[in-house]
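Work through the exercises below with the structure in view. Each task is followed by a solution in steps.

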Amino acid sequence: MTVREILRMGDPRLLRVAQKVEQFDTPELHALIADLFETMHAANGAGLAAPQIGVDLQVVIFGFGKNQRYPDAPPVPETVLINPVLTPLGDEMEEGAEGCLSVPGLRGSVPRYTRLRYEGFDQFGKAIRVDAEGFHARVVQHEVDHLFGILYPMRIRDFSRFGFTEVMYPDLDPGADD
């Protein structure tokens with residue numbers, strides 16, 4: 001396992017549409033997933049997408065018990081999701097604060113579906129189908145956006161609710177967003 005460099009907003013590799021995974025349960029895929037988890041944990045992230053470490057594949061990981069970057073968030077199960085498909089379960093959307101390891105030191109209010117179904121595969125090729133809501137649904141949408149070249153600032157509707165973490169959320173450790 002290796003902690004990999006996380007690409008930052010402005011790197012053109014973050015704007016590409018990632019390729020679907022064609023082969024499951026390979027040593028290379030297992031190594032990628034181990035590196036993603038190691039990198040996410042080292043950065044105190046809630047999730048991480050393969051494009052954020054420069055790998056052009058539709059692979060995301062997410063999940064945590066407690067996360068200092070989102071101290072009020074409920075636990076989200078650690079998950080590997082490959083070639084995901086998201087289906088909103090209703091039209092209800094909610095604004096919520098988001099940060100990103102590729103956009104360090106900043107946070108913004110982003111609209112997301114409150115309930116959705118995500119489908120895809122784990123690293124062994126086993127099908128996944130989960131209905132999620134609240135913060136769990138938000139995290140999944142955020143990470144899957146990375147697979148299609150979308151960073152959360154692109155979804156912000158009101159830029160008066162976008163700014164530096166240390167200014168907007170003075171109770172949070174500003175170093176936790178780097």
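A residue counts as buried when its relative accessible area is under 20%, as exposed when that area is over 50%, and as partly exposed in between. The model is predicted.

**Exercise 1. Classify Tyr-152 and Phe-162 as buried, partly exposed or exposed.**

Step 1. Tyr-152 has a relative accessible area of 1%. The limit for buried is under 20%, so Tyr-152 is buried.

Step 2. Phe-162 has a relative accessibility of 23% and therefore counts as partly exposed.

**Exercise 2. Describe the geometry of the ring pair Tyr-152 and Phe-162, and place both residues along the chain.**

Step 1. A pair of aromatic rings is described by the distance of the centres and the angle of the planes.

Step 2. There are six aromatic pairs in the structure. In the pair of Tyr-152 and Phe-162, the ring centres are 6.2 Å apart and the planes stand at 70 degrees. Planes over 60 degrees apart count as edge-to-face, so this pair is edge-to-face.

Step 3. Tyr-152 is in the loop between helix H2 (134-146) and strand E8 (162-164), while Phe-162 is in strand E8. The two residues are 10 residues apart.

Step 4. Phe-162 also forms an edge-to-face pair with Phe-159, with 5.7 Å centre to centre and 90 degrees between the planes.

**Exercise 3. Find the rings over whose faces Arg-107 lies.**

Step 1. One ring is that of Tyr-70, with Arg-107 at 4.7 Å from the ring centre.

Step 2. Another is that of Tyr-169, where the distance from the ring centre is 5.9 Å.

Step 3. Tyr-70 also belongs to a cluster, linked by ring pairs, with Phe-64 and Phe-135.

**Exercise 4. Which element supplies the largest share of the largest nonpolar core?**

Step 1. This core has 20 residues, and among those that touch the most other members are Val-60, Phe-64 and Phe-135.

Step 2. At least two residues each come from strands E2 (59-64), E3 (76-88), E6 (115-121) and E7 (127-133), and from H2.

Step 3. H2 gives the largest share, with five residues.

Step 4. A second, separate core has 18 residues, including Ile-33 and Met-40.

**Exercise 5. Identify the edge strands of the open sheet with the order E4-E5-E8.**

Step 1. The sheet has three strands with antiparallel pairing.

Step 2. Strand E4 (93-100) and E8 each have a single partner strand, so one side of each is without a neighbour in the sheet; these two stand at the edges.

Step 3. From one strand to the next, the twist averages 20 degrees.

Terms used:
Residues are numbered from 1 along each chain as its sequence is written. This is a predicted model: local features need pLDDT of at least 70, side-chain atom pairs count only at pLDDT 80 or more; totals for chains, interfaces and linings use all residues. Side-chain values use heavy atoms; hydrogens and water are left out. Rings of Phe, Tyr and Trp (its six-membered ring) pair if their centres lie within 6.5 Å; planes under 30 degrees apart count as stacked, over 60 as edge-to-face and the rest as tilted. Helices (H or I, at least four residues) and strands (E, at least two) are DSSP runs, numbered from the N terminus. Buried means under 20% relative accessible area, exposed over 50%, partly exposed in between (1.4 Å probe, protein chains only). A charge sits over a ring if NZ of Lys or CZ of Arg is within 6 Å of the ring centre and within 35 degrees of the ring normal. A nonpolar core is a set of buried Ala, Val, Leu, Ile, Met, Phe, Trp, Tyr and Cys residues joined through side-chain atoms within 4.5 Å. Two strands pair if DSSP finds at least two bridges between them. Axes are lines fitted to C-alpha atoms, for helices over the stretch in contact, and angles run from 0 to 180 degrees between N-to-C directions.
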